[in-house]
Amino acid sequence: MQRLHLVFGGELVTPSKNQFKNVDDIHIVGIFPNYDSAYTAWKAEAQRTVDNAHMRYYIAHLHRLRDEETDASATEKLG
């Protein structure tokens with residue numbers, strides 16, 4: 001199984017919560033084929049924005065969103 005990872009981030013409402021201030025401004029860094037390359041991208045963005053306490057970047061493990069063994073339609077809602 002391919003283990004894709006999404007790196008994204010943006011400005012939070014407050015540093016103590018994981019709620020974005022403006023969802024339209026979320027920065028999509030990219031989708032990476034493995035955790036190591038995603039971590040490298042995440043670290044670069046986190047270090048680039050270190051002076052802004054409201055900025056946070058995350059790694060989402062896309063392969064964990066669904067079970068590839070289960071049949072599903074292409075438009076199925078995830079969650």
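Tutor: A salt bridge is counted where a side-chain nitrogen of Lys or Arg lies within 4 Å of a carboxyl oxygen of Asp or Glu. We shall apply this criterion to the present structure, which is a predicted model.

Student: How many salt bridges does a search of the whole structure find?

Tutor: The search finds two. In one of them, the side chains of E45 and R48 meet at 2.6 Å, N to O. In the other, K21 and E11 meet at 3.9 Å, again N to O.

Student: Where do K21 and E11 lie in the chain?

Tutor: E11 belongs to strand β1 (5-11), while K21 is in the loop between β1 and β2 (27-32). The two residues are 10 residues apart, and the pair links distant parts of the chain.

Student: How is the separation of E45 and R48 to be read in terms of helical turns?

Tutor: E45 and R48 are three residues apart in helix α1, and therefore about one helical turn separates them. The helix itself comprises residues 35-48.

Student: Are the partners of these bridges buried or exposed?

Tutor: The cut-offs are needed here: buried means under 20% relative accessible area, exposed means over 50%, and partly exposed lies in between. E45 has 13% relative accessibility and so counts as buried, whereas R48, with a relative accessible area of 55%, is exposed. As for the other bridge, K21 is exposed at 56%, and E11 is partly exposed at 34%.

Student: Which residues does E45 contact, beyond its neighbours within four places in sequence?

Tutor: E45 is in contact with H27, V29 and Y57.

Student: Which other residues of α1 are buried?

Tutor: The buried residues of this helix are A38, A41 and E45. They cover an arc of only 65 degrees around the axis, and so they are on the same side of α1. The face turned away from that buried side carries the exposed residues D36, T40 and Q47.

Student: What do the buried residues of α1 pack against?

Tutor: They pack against β1, β2 and β3. The helix lies across these strands and runs at about 170 degrees to β3.

Student: How does the span of α1 agree with the expected value?

Tutor: At 1.5 Å a residue, the 14 residues of α1 should span 20 Å. The end C-alpha atoms of the helix are 20 Å apart, so the two values agree.

Student: How should the sheet be read, and in what order do its strands stand?

Tutor: Strands of a sheet pair through backbone hydrogen bonds, either parallel or antiparallel. Here three strands form an open sheet in the order β2-β1-β3, and the pairing is antiparallel. At the edges stand β2 and β3 (55-61); each has a single partner strand, so one side of each is left without a neighbour in the sheet. On average, and with direction ignored, neighbouring strands are turned by 15 degrees against each other.

Student: How many bridges join β1 to β3?

Tutor: Seven bridges join these two antiparallel strands. As one example, H5 has H61 in β3 as its bridge partner.

Student: How far apart are H5 and Y39, in sequence and in space?

Tutor: In sequence the two residues are 34 residues apart, and in space their C-alpha atoms are 9.1 Å apart. Y39 lies in helix α1 and, at 35% relative accessibility, counts as partly exposed.

Notes:
Residues are numbered from 1 along each chain as its sequence is written. This is a predicted model: local features need pLDDT of at least 70, side-chain atom pairs count only at pLDDT 80 or more; totals for chains, interfaces and linings use all residues. Side-chain values use heavy atoms; hydrogens and water are left out. Helices (H or I, at least four residues) and strands (E, at least two) are DSSP runs, numbered from the N terminus. Buried means under 20% relative accessible area, exposed over 50%, partly exposed in between (1.4 Å probe, protein chains only). Contact means heavy atoms within 4.5 Å. Two strands pair if DSSP finds at least two bridges between them. Axes are lines fitted to C-alpha atoms, for helices over the stretch in contact, and angles run from 0 to 180 degrees between N-to-C directions. The expected span of a helix is 1.5 Å times one less than its number of residues. The arc is that of the directions from the helix axis to the C-beta atoms.
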